[in-house]
Each structure stands twice: as structure tokens, then as C-alpha cells.
Number of protein chains: 2
Amino acid sequence: MFPGIDAGAFAGPPAATAIFTTVLTEGPVSRVALARRLGLSSAAVTKAARPLIDLGYLHELAATERSGPGAGRPASPLAVRAEREFFLGVKITADEVIGVVCDLRAQVHASARRPLDDPDVDAVLTEVDRLADDLFDAFPGDRARVRRLGLALSGDIDRGIGLVRYSPFLHWRDVPLGRLAAQRTGLTVTVENDVKALTAAEHWFGEGVGAESFALVTVGTGIGCGLVVNGRLVSGSYGVAGEIGHLTVDATGPDCHCGGRGCVESIAGTDAIVARARDRTGRPDLTIDEAVALARGGHEQVRAVFTRAGGAIGCGIAAVANLVGPTRIVVSGEGLAAYDLFDSHIRASFERQAFGAAARCPLFIRPLPFEEWARAAAAVSIQSLVVP
Amino acid sequence: MFPGIDAGAFAGPPAATAIFTTVLTEGPVSRVALARRLGLSSAAVTKAARPLIDLGYLHELAATERSGPGAGRPASPLAVRAEREFFLGVKITADEVIGVVCDLRAQVHASARRPLDDPDVDAVLTEVDRLADDLFDAFPGDRARVRRLGLALSGDIDRGIGLVRYSPFLHWRDVPLGRLAAQRTGLTVTVENDVKALTAAEHWFGEGVGAESFALVTVGTGIGCGLVVNGRLVSGSYGVAGEIGHLTVDATGPDCHCGGRGCVESIAGTDAIVARARDRTGRPDLTIDEAVALARGGHEQVRAVFTRAGGAIGCGIAAVANLVGPTRIVVSGEGLAAYDLFDSHIRASFERQAFGAAARCPLFIRPLPFEEWARAAAAVSIQSLVVP
DNA sequence: AATCAATACTTGAAGAAGTTAAATATTCGC
DNA sequence: GCGAATATTTAACTTCTTCAAGTATTGATT
């Protein structure tokens, strides 16, 4: 789990992992609070925390304010020393690679991007390697503290062995990306599906912190969903999970590339929105940005396209809420640059279709900041350090 | 976990729970195989298994046949002594209580039922108590070995504390059923939602054995779904999970009592089928059995009602497969007495709507034998002994 | 100021649960 | 009967945790 200064791995006791994870995701906590939270004795926390402090992963904060009336000794909360270690995170898309350097708390310290014009494995690896160099150059801290790289891309991925089973947009099959990238960069590499990475990141460092179950929906060209249930990411048995984009919401709707009809994606995917907006305006070369502009400008026909799309997304989200009952749901993605056009329609549709108390599940709808995907890749790398 | 002869609880080590659970759900296994399966040393298995043997929960089977060519000492597989302990299981419906006595392997040894005409808590408890007496009378074994009772009923239930938060058909709110039934019967009581109970039972003793993730769909008056993901039952944060019955499958479909339109239940629920069959035949007093008979007899209009219902169910199941990617799915329920009318339509619809490889998920469609719900309640009670 | 109650943390002995390595048991093929 | 192969047991040891008793630090009370 936690390597010593020089790769001599120090395998911490179970309590150490639990303690570090809790402090990392939930912020500074006293040893006594940790013991209560984790069902351990405070002695166990003291002992398990010591090597983490010695190795520089945790440190003690100054005593905090008192609690009750005749309060006793003040707590010295444990906090993560975020700059103990840094992580590269790279998101691979069809036409570029985007990267960041993050600290242990997933704060971004540098970022960079490079165009990609060849989906060949070797060409992609070269660009990833160059991007890593760019990131090292842009990183103001100690380069020796960067020893891990997380990669995120869409497709069917086996995180355990770093294998890309199938990536439609790169036309890859069974590429051992983890091993190859490790050889190229000399770093310890983790590979994860992009939506799962974003979900894991949000679960540890974002809106999903503390939620036993949690869903993240991404809206863009495709519409995807990552799920955390009982505290664990859902993986799906046949390489399929969170395929919210291909739930049928309108049996009489448009044909979808998946072979079905009226899927969420065939109504609310970026391509579907553009196609429909072109139809309505009679302008065969309309772009998504122009469609958004028209809708914001009050063009009723185009507005209706976004309204319907929001409705379809809300319907898909309601299906998630009805089936797995997450504690919280985040809706995000590039598609939500047009956030204002969607928000209320997603909510209205969700509330209409959520069953009973599921409608109380809070929805966080917000656009996805630049480089967030890359940060998610770094977050997965952080997880791989803590929970191997 | 495992009580000694006289309530003096013996809290076994983690390995003991894992060993017992594995042997119980997967049948006789040698110690070496258990060690491999659970990632333990064989020495640990030997040690942890001994007290389980001493207490009569496990026993050694005679050595089995050899394996390879110059094979060594034959294994003495460990098996569960099913008659070490017995369990009552009772399903509470709106108009009757159905009960069984099961052994540790969830085999039924006796069964009984009583009508229920008053949904009052006290009246129900009285009937449950009488049913328990009936079951004790019908049970041929040693009554002293029956010390636990599982209750299953539909509604929002907190299994941990045996609380019925809300039961629509009994009009109960916040009834501490576990405590009350324990007082009445003198048994250790577990309370669980009926669909979750059935799912747990199927996961431990039925088609779901060995599946990391698993879904059970019940078809009847209501249409429900229980989920096991990453080996654990999904509970849902707002008392909602597995509400497959209220997924929208046809936005232009009939109104549903939940307030939505075109829900699976509003098309494939028993009431919906009867209503539609009445429409089609012009016979306002047609019963479900008559509708089934007409369809089997070849009445095209009524057949179409079942076809559409099967399609809606298949659509709901596909949503489950697309979102959580279970390894296996069982479709069951009273509604499937008309199993032959549904089967192919459910499958066809599922395969059409399942995304990609999710369509490979095997579907087990089969009617629910009598008293299966009660057996599920007993199974939950068994679980509560093994994994407290 | 001294004392007390409350709370947080630490320490050392003891215990539980597991591992490794070596011994024992049982079989098959020769 | 012997040796290779496999299963199980045993004993010594390691690791992790708890328990019980102490130390540390504060606010309130005398």
C-alpha cells in the first residue's frame, strides 16, 4: 500500500487503509472520532496512524476549539499531507490527450493537452509520454514525488490488469495499455473507464463524499452513468453497467445507433440534438453551439428540442433512482455547457417519474469544468495507492 | 453468530463465517478448496472449522473419488448438518399468513397457512403466533431446535431493527414488528421486505448462488425487483430500490396508480392485464384465470394483451441489465402461473433492448412454487444466524 | 491556585486470528 | 513396499487489535 521512500513497499494493516481513506475523503478528524467512525479502539488508531505520520502521509493539526461545557483535552485532528505525493491524470479522447498533475487531495497543480491525430496504440502512447513530459515541465513541485499515472478513456476496461478490452472510438481491442504505458513512462499506471473514473473521483473528492450509494450521469455525445452501491463502484458482469443512454424512454422515438428506438441518447445526445435542431430550423449545417445560441435567444422550435432532451435525461435518471436508490445524484458533462437550457426540464421530468420518496434524492446539475476528466484519472491513481 | 447449546453465544472468527457461508451456499467442499476459494491458508480453515464441527453445524463427508493419475490423500469435504437447527418463515399478505419450517439448507419440512381478515397489528400478530403453533404441530423434528422466525411482507422495512416503516396494504406505519413478534412467540425474529427476502433466498439457495451480482424480478399484482450487487443486497436510500414496476416504458401508455403513465406495472401488472382483457372481450367481469384460459385457447385479442405485457416486462428487465449488469436474472412470481404466455415475449423484448453484451445475461423465467415466499422469509432468518 | 471532571491520547500486556513450515495421513501407480 | 501427490493437522511465530491503566490538557469549581 504505502511505499517507503524508496519503493520498499510497506503493507499497512487494514486499519491504516481505513484511517487514511477516511481522513483523505472526509477531511481532518481526531483519532477518537476515527475510532468511533471505523469501529476501532482509539489505541488501534493511535498505533496504525503512527507509521502514516512517520512516512509523511498524515500530520497532526493544531488543537481545535472546545466542545461542551466542562470539556477536556482538545483533539489534535489528523490531516492528509497533500503534497507528500503527486499523480498524473490523463484523459484520452478521440482527438486529444488532456493531462493534469494532482496532489493527494486531488487538487490540480498543473495541466496540459496535446492533439491526437492517429488512433494507433503506439502513436497514442507517444503522445501520452510527451504529455507527461509537458506536465513535468509545468509542475512547480518536486518531480521525484510524482510516481503514478492514471489513464481514463471510454470503453470496456479491466482496471485490475490495465487492459482495454474494447474501445470503439480508438478501434482498440485487448490492448494492455497499463503495461505499455508503464514501460513508456516508467510510472505506476492505472487504467479505468472514463465515466467510472469520474464517478470514483466524485465519490472520494466531490459531491459523493460520504454517500453509501451515489450516481453520476454524464451528458454529452454519449450519455453515461457511473454507480456506487454499498460504497463500491458497480462494474457490470458483461462489460455493461450504467448504460443509461440506451434505456428506452419513448418506444416510438427515433432510431438509435445501438439498434434500439427512442433511447435517451437518441433524444438527448449531442448528435441527436443537432440533427433535430437542423430539422426544425431547416439549416443543414447548424452546429451545436449555434443551436444553443438560438435556444437561448428564444427560438421556440429549438428550445423544444432541449426541453425534450432534458425530459429524456430526467427519465433516465429516474430509472436509476427507482432501481438502485442512490443517496445523491450528480449530473454533469460537456453537454451541460448548455446547462441553463436543461436544468429545470431534467428536474421536472425526474420528479415526475421518480417513484415515491425517490423523488427526494437530491440532484446536483452542473457543467463539467475543463480538465475534470483528467483529474478523475488522477483520482483513480490516488485510489490505487491507498487501496491496492 | 453461532450460539452454543444454550444461548451462550459463540462469536466465531471472520474465517468461520466465511467458511460456513461458503459450505452452506455452495455445498460440500474440502478444506483445501475452501482455503483457495477464500484466500486463506489451509491451516486457518482447519482451525476455524473445528468449533463449527464441534457445535454440530458442519460435519465431514466420506472421502470422495480421486482426481488425477498418481493422486494423493482424498479430501474429506465439509458439509452443513442441515438438521442442526430449524427456522420458521412466514409471509404476511393482505388476506393470509403462510408459513414453513425450514432446515439450515432452506429445505421445507412443514408448512401451514391461516386466513387474515383484520390488518390490525395485534390481530396479525395473533395469527402469526397461531400459525407458529400450527407449524410446530406439523413439524416432525425436535421443536427445541427451532429458535428463529423470519417475517416477510411487502413495504418499506428496516431489517436491521425489525421495523415496518410503511406497509401500504396493511396500512401500517412505523410498527416495530420484530420486537412485537419476538415478545409474542419467544423466538428471535428477523423482518424483511418480501421481494428482498426472495432475492436473498435465491442468492443463497437458488439460481443466484455464486453470482457476484444478481437480479430477481417478481411478476404479479405488482412488479418488483431485488438486486444483489458486489455480493450485497441493494437497499436504496429513500426506501426505494428495485422499483422496476414504475419505470416508464411507454410515455403514451395507460395511467398508473403511482401518478405516472405507461409504467411497466400499468401494462403488465395483473390488474392491468385483467382490465385490458375485459376491454378487448367486452366482458366486464372477466377474471385473470379466464383471461389466461382465453389466451391459451387462442383468443388473439387476449393473447395480444399478454404479448404486450411480456414486452413491458422485458423492457424493465433490460433496464436493470443495462444499468447494473447482473450476472444472472431470475423472473418469477404468481403472475407467472401464466408463464407459457409470457416467456418468449419477455425474452424477445429483453434481447431487443439490452445493450451490447448485456443481452448475453441469462434469464431464468419460471413460476414461483407455493410457499416460496415463506421459505424466503426462513432463508433471511438463516442468514441472520450466520451473518449477524 | 488547587482540585475535579471531562475528554483525548498513549502505553504495555494479553488475546485473537492468521501464517509458515514441518509433520502426518492416505491414496495411486509402479 | 516405495515414491509421488495431495489433504489435513500441528506447533511456533507474526500481526493486528483490544483492554486496562496511565498520561495530557482543558474548563469549571472550590
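Helix H3 of chain A supplies four residues to the surface near DNA strand C, the most of any contributor. The model is predicted. Chains A and B are related as by a two-fold rotation axis, and 40 residues of chain B are in contact with 40 residues of chain A.

**Surface near DNA strand C**

- There are 30 residues around DNA strand C, and those that come nearest are A:Ala43, A:Gly72, A:Arg73, B:Ala44 and B:Arg73.
- From chain A, helix H2 (31-38) and helix H3 (42-54) each give two or more residues to this surface.
- From chain B, helix H1 (14-26) and helix H3 (42-54) each do likewise.
- The surface near DNA strand C comprises 15 nonpolar, 10 polar and five charged residues.

**Relation between the copies**

- A turn of 179° with a shift of 0.0 Å along the axis lays chain B on chain A, at an RMSD of 0.1 Å.
- The two copies are thus related as by a two-fold rotation axis.

**Interface between chains A and B**

- In the contact between the chains, 40 residues of chain B meet 40 residues of chain A.
- On the side of chain B that touches chain A, strand E14 (223-229), helix H10 (300-324) and helix H11 (339-353) each supply at least two residues.
- H10(B) accounts for the largest share of that side, with six residues.
- By class, the side of chain B that touches chain A holds 21 nonpolar, 14 polar and five charged residues.
- The copies meet through the same surface, because 100% of the interface residues of chain B are also interface residues in chain A.

How values were computed
Residues numbered from 1 in each chain as written. Chains lettered and ligands numbered in written order. Predicted model: local features only at pLDDT ≥ 70, side-chain atom pairs only at ≥ 80, totals over all residues. Near = placed C-beta within 6 Å. Nonpolar A, V, L, I, M, F, W, Y, C, P; charged D, E, K, R; others polar. Least-squares fit on C-alpha atoms with pLDDT ≥ 70 in both. Contact = placed C-beta atoms within 7 Å.
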